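Got the viewer open? Load the model, switch on side chains, and follow along ring by ring.

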Amino acid sequence: MTATLYGIKNCDTVKKARAWLDAKSVDYAFHDYKIAGIDAARLSSWVDEFGWEKVLNRAGTTFRKLPEAERADLDADKAIALMLAQPSMIKRPMLDLGDRRLLGFKPGEYAQAFG
């Protein structure tokens with residue numbers, strides 16, 4: 001199975017992950033949220049696996065620009081709705097290896113996954 005890297009092409013962390021994968025000649029597909037969006041079932045499964053607190057990128061500009069009312073009283077359902085409406089709020093990259101996923105980019109974790 002080919003790995004799938006989910007993210008946004010102009011994100012610096014995604015660029016680092018793609019450069020690492022390319023340098024190691026890892027075969028992967030790239031899914032750009034800005035172009036292709038994300039489906040609710042996949043996003044919900046990530047939230048189930050990692051918790052919405054880790055999947056929602058609260059440090060990003062998109063989240064910080066939200067009105068306070070939208071940022072208040074978050075729970076899994078509200079976080080998923082925000083991320084579906086604006087996929088830029090999903091922590092990135094998400095590397096789907098089929099049997100497991102890696103959230104964010106840590107070279108050591110990638111090396112272990114493809115070692």
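Select Phe105 and Tyr110 to begin: both are buried, that is, under 20% relative accessible area with a 1.4 Å probe, protein chains only. They make an edge-to-face aromatic pair, 4.7 Å centre to centre with 90° between the planes. Here, rings of Phe, Tyr and Trp (its six-membered ring) pair if their centres lie within 6.5 Å, and planes over 60 degrees apart count as edge-to-face.

A quick note on ground rules: this is a predicted model, where local features need pLDDT of at least 70 and side-chain atom pairs count only at pLDDT 80 or more, while totals for chains, interfaces and linings use all residues. Numbering runs from 1 along each chain as its sequence is written, and side-chain values use heavy atoms, leaving out hydrogens and water.

Keep Tyr110 and add Trp20. Five aromatic pairs turn up in the whole structure; this one is edge-to-face at 5.6 Å centre to centre, 85° between the planes. Trp20 sits in helix α1 (residues 12-23) and Tyr110 in helix α8 (residues 107-114), 90 residues apart; helices are DSSP runs of H or I, at least four residues, and strands are runs of E, at least two, numbered from the N terminus. Now add Phe114: Trp20, Phe105, Tyr110 and Phe114 form one aromatic cluster.

Next stop, Leu5 in strand β1 (residues 3-7). Leu5 counts as buried because its relative accessibility is 0%. Its contacts (heavy atoms within 4.5 Å), not counting residues up to four places away in sequence, include Tyr110, Arg18 and Phe30.

Finally, select Arg18 and Phe30: Arg18 lies over the ring face, 4.0 Å from the ring centre, where the cut-offs are CZ of Arg (or NZ of Lys) within 6 Å of the centre and within 35 degrees of the ring normal.

Key. Rings of Phe, Tyr and Trp (its six-membered ring) pair if their centres lie within 6.5 Å; planes under 30 degrees apart count as stacked, over 60 as edge-to-face and the rest as tilted. Buried means under 20% relative accessible area, exposed over 50%, partly exposed in between (1.4 Å probe, protein chains only).
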